Amino acid sequence: MTHPVPTAPPAEASPGTTAPHPRWAVLVTEVLAPGYTVAALVLATALYASPGVSGLGHVALAVLLCGGLPYLFVHGLARLRVLESRHVRPRAQRMVVFAGLVLIEVTAIVVLHLTGAPPLLPQLLTAYLAGVVALALVTPVVRASVHTGVFSVAAGVATALSWWLSAGLLAVAVVVGLARLGVRDHTRTEVVTGLVLGAAVGAVAAALLVG
């Protein structure tokens with residue numbers, strides 16, 4: 001008579017371990033981080049609002065002030081260990097960063113206006129800024145996803161220019177939001193808040209400023 005060979009019980013995961021983040025979500029999070037996407041969106045906006053060779057000066061100025069300075073501000077503070085990372089997860093640190101970004105953007109818009117930029121450029125940038133302010137104001141209650149908010153605000157502002165462009169940007173915002181969920185940096189509420197609030201404020205601001 002043979003006896004069954006005892007088998008070892010199935011291995012259990014260690015209490016502190018978690019499943020690895022999906023590679024696509026990590027890639028989207030890193031490639032479409034706000035530091036890069038804001039500069040790209042400002043460049044596209046400036047080229048649209050200041051066409052031709054004569055507008056290149058204002059295009060360069062807009063990218064430097066509205067894209068370059070915010071990038072240096074956030075990444076510089078992260079390198080100095082003032083921030084926990086360039087993604088700025090703690091709410092208290094987010095409020096400091098938002099305050100600095102608003103100050104930079106307001107100064108940039110004033111400079112562009114004073115240097116004779118086409119009116120559409122400051123108007124569009126002000127509409128973007130309204131979305132940033134909205135995300136800042138809800139931070140004490142909801143840590144809205146800025147990754148998602150960047151594209152949703154742009155989608156809202158684009159409603160004043162092209163519904164096709166707006167739909168495309170909103171689709172990208174949804175993908176970015178899913179990526180933020182995938183890397184577990186945000187909850188569904190935080191992603192949806194960034195998506196809905198950004199798009200709504202961007203659209204209203206663009207309607208009031210651009211028409």
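Start by selecting P140, which sits in the loop between α5 and α6; helices here are DSSP runs of H or I with at least four residues, strands are E runs of at least two, and both are numbered from the N terminus. This is a predicted model, in which local features need pLDDT of at least 70 and side-chain atom pairs count only at pLDDT 80 or more, while totals for chains, interfaces and linings use all residues. Residues are numbered from 1 along each chain as its sequence is written, and side-chain values use heavy atoms, with hydrogens and water left out.

**Stop 1: around P140**

With a relative accessible area of 56%, P140 is exposed; the classes are buried under 20%, exposed over 50% and partly exposed in between, for a 1.4 Å probe and protein chains only. Now add R91 and M95 to the selection: P140 touches both, not counting residues up to four places away in sequence. Contact means heavy atoms within 4.5 Å. Draw a C-alpha to C-alpha distance from P140 to R94 as well, and you should get 9.5 Å for a pair that is 46 residues apart in sequence.

**Stop 2: α4 against α5**

Next, show α4 (91-114) and α5 (120-138). Their axes are 10 Å apart and the packing angle is about 170°. Axes are lines fitted to C-alpha atoms, for helices over the stretch in contact, and angles run from 0 to 180 degrees between N-to-C directions. The two helices, α4 and α5, are therefore roughly antiparallel; angles under 35 degrees count as roughly parallel, over 145 as roughly antiparallel, 65 to 115 as roughly perpendicular and the rest as oblique. α4 passes α5 in a left-handed crossing, a term for the near helix being turned anticlockwise from the far one by less than a right angle, with clockwise giving right-handed.

For the side chains, pick M95, F98, V102, E105, V106, I109, L112 and H113 on α4, then L121, P122, L125, T126, L129, V132, V133, L135 and A136 on α5. Coloured by class, this contact splits into 14 nonpolar, 2 polar and 1 charged. Ala, Val, Leu, Ile, Met, Phe, Trp, Tyr, Cys and Pro count as nonpolar, Asp, Glu, Lys and Arg as charged, and the others, Gly among them, as polar.

**Stop 3: the core**

Stay on L125 and leave aside its neighbours within four places in sequence: L125 is in contact with V42, C66, I109 and L112. Then widen the view to the largest nonpolar core, which has 34 residues. Such a core is a set of buried Ala, Val, Leu, Ile, Met, Phe, Trp, Tyr and Cys residues joined through side-chain atoms within 4.5 Å. The residues with the most contacts inside this core are A62, L112, L121, L125, Y128, V157 and L169. Which element gives the most to this core? Select α6, with 7 residues. A second, separate core has 6 residues, including V74, L77, V97 and L101.

**Stop 4: α2 against α6**

Keep α6 on screen and bring in α2. Their axes lie 9 Å apart at an angle of about 15°, so α2 and α6 are roughly parallel to each other. This crossing is left-handed. Zoom in on P34, T37, V38 and L41 of α2, which meet V146, H147, V150, F151 and A154 of α6. By class, the contact has 7 nonpolar, 2 polar and no charged residues.

**Stop 5: α1, α7 and α8**

Now select α1 (residues 23-31) and α7 (residues 163-182), whose axes come within 8 Å and cross at roughly 120°. That makes α1 oblique to α7. W24, A25, V28 and T29 of α1 make the contact with V175, V176, L178, A179, R180 and G182 of α7.

Move on to V191 in helix α8. Is V191 buried or exposed? At 9% relative accessibility, V191 counts as buried. Beyond its neighbours within four places in sequence, V191 is in contact with S145, T148, G177, R180, L181 and H186.

**Last stop: two unusual phi values**

Most residues other than glycine have a negative phi. Two arginines to click on here are R184, with a positive phi of about 60°, and R81, with a positive phi of about 70°. R184 lies in the loop between α7 and α8 and counts as partly exposed at 44% relative accessibility. R81 is in the loop between α3 and α4 and, at 73% relative accessibility, counts as exposed.
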